[in-house]
Amino acid sequence: MKLSQFKFRLPEEQIALNPPLHRDECKLMVLHRKSQKIDMFRTDENGEPLKDKEGNPVFLDFRNVLDYFDEGDTFVFNDTKVFPARLYGTKEKTDAKIEVFLLRELNEEMRLWDVLVEPARKIRIGNKLFFDDSGTMVAEVIDNTTSRGRTLRFLYDCPHDEFKRELYALGEAPLPHYIVDRRPATEEDMDDFQCLFAKEEGAVTAPASGLHFSREMLKRMEIKGINFAYITLHCALGNFHDIEVEDLTKHKMDSEQMFVSKECCDLVNSTKAEGRHVCVVGTSVAKATETAMGTDKLLKEYEGWTNKFIFPPYEFGIADTMIANFYHPYSTLLMETAAFGGYDLVMKGYDLAVKNGYKFGCYGDAMLILDD
């Protein structure tokens with residue numbers, strides 16, 4: 001497919017800059033792959049749309065997801081944990097303000113980190129950056145990795161746990177630039193931008209579809225007899241990079257570290273064998289399960305990296321249902337969603353979402369894709 005096929009007009013006011021008041025209160029759109037039907041509104045027992053006091057139809061909300069699942073179905077979540085990756089420092093001598101975005105720790109003993117810096121043209125090998133007023137958290141640039149990438153060595157002599165604690169205390173939630181360019185990150189964002197089941201630290205952006213699950217909703221799923229399976233894929237920034245080629249087969253994704261346990265495989269594979277639904281929560285989970293799928297269409301244990309880029313046409317082998325957010329034009333996340341739901345149906349859903357005021361982005365509304 002071509003990049004230009006994923007263009008649509010997204011009004012500025014429909015980019016979600018803040019989370020909903022409660023995690024599970026966003027709007028929900030339901031796409032039915034086989035019947036090509038799209039549900040947006042609640043209905044009564046006769047299938048007639050419910051109306052509010054003003055006579056307007058009532059939208060489905062995320063809690064309605066459970067209406068489509070039964071005992072024995074399995075949801076697969078990404079339990080990666082976001083860390084406060086965005087820091088602001090000052091350059092030695094010039095006091096220029098520099099954004100430092102932590103990507104991953106390269107060497108625990110030497111305090112080496114792979115980072116992105118902005119503005120990159122001001123940061124060269126040998127420069128020192130200061131991150132607090134006391135001057136105790138200092139980093140030296142020791143290498144260039146990409147145009148904006150640098151390797152930093154933090155000059156902080158203390159036990160590693162204390163260093164990480166002090167470093168993270170200086171950071172903020174790594175919200176995407178389409179949010180922080182419009183409003184500053186807050187302390188609350190560190191909780192809001194974290195899934196309740198987050199466990200394995202390593203993500204620099206949240207697996208956004210998992211953000212919709214509240215404690216109450218998870219409890220309701222448990223009571224209903226729905227199974228929970230977990231993979232770990234440390235979400236990186238590659239999904240936010242601009243695609244610079246029209247032919248999508250020529251686009252290369254950044255690699256992301258991922259893990260799939262035997263316990264997860266056993267649960268997912270037994271659910272499939274029983275003819276129950278396997279629902280992947282988010283594009284990161286869909287990517288991970290497809291990466292770890294064997295030739296027999298069963299999930300296999302996996303520990304390593306994936307740079308899998310999924311776009312239409314693509315036949316998924318593990319999951320039959322998927323939860324996604326509404327993503328930006330030209331986004332690789334939109335492309336993966338369209339591969340799962342079918343290009344025409346998903347783009348029709350996006351057109352309806354724009355016309356009906358749905359919110360887009362990591363704090364935005366949700367889509368459920370069913371195989372019926």
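User: Happy to look at this predicted model with you. Which residues touch Phe75, not counting residues up to four places away in sequence?

Analyst: In this predicted model, Phe75 belongs to the largest nonpolar core, which has 93 residues, and together with Phe213 touches the most other members. A second, separate core of 29 residues includes Phe83, Leu103, Phe154 and Cys158. Leaving aside residues up to four places away in sequence, the residues that Phe75 touches are Val65, Phe69, Phe213, Met221, Ile226, Asn227, Phe228, Ala229, Cys279, Val281 and Ile323.

User: Thanks! In what order do the six strands close into a barrel?

Analyst: Let's start from some of the pairings. Five bridges join β7 to β10, and these strands run antiparallel. Another five bridges join β9 (residues 138-144) to β10 (residues 149-154), again antiparallel. The six strands, with antiparallel pairing, close into a barrel in the order β5-β6-β7-β10-β9-β8, and neighbouring strands of this sheet are turned against each other, direction ignored, by an average of 45°.

User: Nice. Which residue in β10 is the bridge partner of Asp114?

Analyst: β10 has bridges to two strands we can use here: five to β7 and five to β9. On the β9 side, Ala139 stands opposite Phe154, and Asn144 is paired with Arg150. Asp114 lies within β7, which covers 112-118, and the bridge partner of Asp114 in β10 is Thr151.

User: How many residues lie between β9 and β10 in their hairpin?

Analyst: β9 covers residues 138-144 and β10 covers residues 149-154. The two strands form a hairpin, and the number of residues between them is four.

User: How many of the six residues of β10 are buried?

Analyst: Buried here stands for under 20% relative accessible area. By that cut-off β10 is largely enclosed by the rest of the structure, because the buried count among its six residues is five.

User: Over to helix α7: which elements do its buried residues pack against?

Analyst: Helix α7 (residues 332-341) is mostly covered, with ten of its ten residues buried. Among them are Leu333, Leu334, Met335 and Phe340, along with the polar-looking names Thr332 and Glu336. These buried residues of α7 pack against α6 (283-291), β16 (321-325), α8 (343-355) and β17 (366-370).

User: And which residue caps the N-terminal end of α7?

Analyst: Both ends of this helix have something to look at. Just after α7, Gly342 takes a positive phi of about 95°. At the N-terminal end, a side-chain oxygen lies 3.0 Å from the backbone nitrogen of Leu333, and the capping residue is Ser331.

User: Is Arg111 buried or exposed?

Analyst: Most residues other than glycine have a negative phi, and most peptide bonds are trans. Arg111 is not a glycine, yet has a positive phi of about 60°, and its place is in the loop between β6 and β7. Asp95 also has a positive phi of about 60°, but Asp95 is exposed, with a relative accessible area of 59%. Arg111 has a relative accessible area of 9%, so this residue is buried.

User: Which residue does a cis peptide bond join to Glu118?

Analyst: Two cis bonds are worth a look. One runs from Pro312 to Pro313, with omega near -10°, and Pro313 lies in the loop between β15 (302-306) and β16. The other has omega of about 0° and leads into the loop between β7 (112-118) and β8 (128-130); the residue joined to Glu118 is Pro119.

User: What distance separates the C-alpha atoms of Ala208 and Gly361?

Analyst: Ala208 is found in the loop between β11 (200-203) and α4 (215-224), and is buried, with a relative accessible area of 12%. Not counting residues up to four places away in sequence, Ala208 touches Asn325 and Cys362. Gly361 is 153 residues from Ala208 along the chain, and their C-alpha atoms are separated by 8.2 Å.

User: Last one: what is the radius of gyration of the protein?

Analyst: The protein has eight helices and 17 strands. The globule rule gives 21 Å for 372 residues, and the protein comes close to that, so it is as compact as a globular protein of that length. Its C-alpha trace spans about 70 × 50 × 45 Å along the principal axes. The radius of gyration is 22 Å.

Note on methods. Residues are numbered from 1 along each chain as its sequence is written. This is a predicted model: local features need pLDDT of at least 70, side-chain atom pairs count only at pLDDT 80 or more; totals for chains, interfaces and linings use all residues. Side-chain values use heavy atoms; hydrogens and water are left out. Two strands pair if DSSP finds at least two bridges between them. Axes are lines fitted to C-alpha atoms, for helices over the stretch in contact, and angles run from 0 to 180 degrees between N-to-C directions. Buried means under 20% relative accessible area, exposed over 50%, partly exposed in between (1.4 Å probe, protein chains only). Contact means heavy atoms within 4.5 Å. A polar contact is a pair of N or O atoms within 3.5 Å; within protein, one must be able to donate a hydrogen and the other to accept it, and residues adjacent in sequence count only if both atoms are side-chain atoms. A nonpolar core is a set of buried Ala, Val, Leu, Ile, Met, Phe, Trp, Tyr and Cys residues joined through side-chain atoms within 4.5 Å. The radius of gyration is taken over C-alpha atoms; the globule rule is 2.2 Å times the number of residues to the power 0.38.
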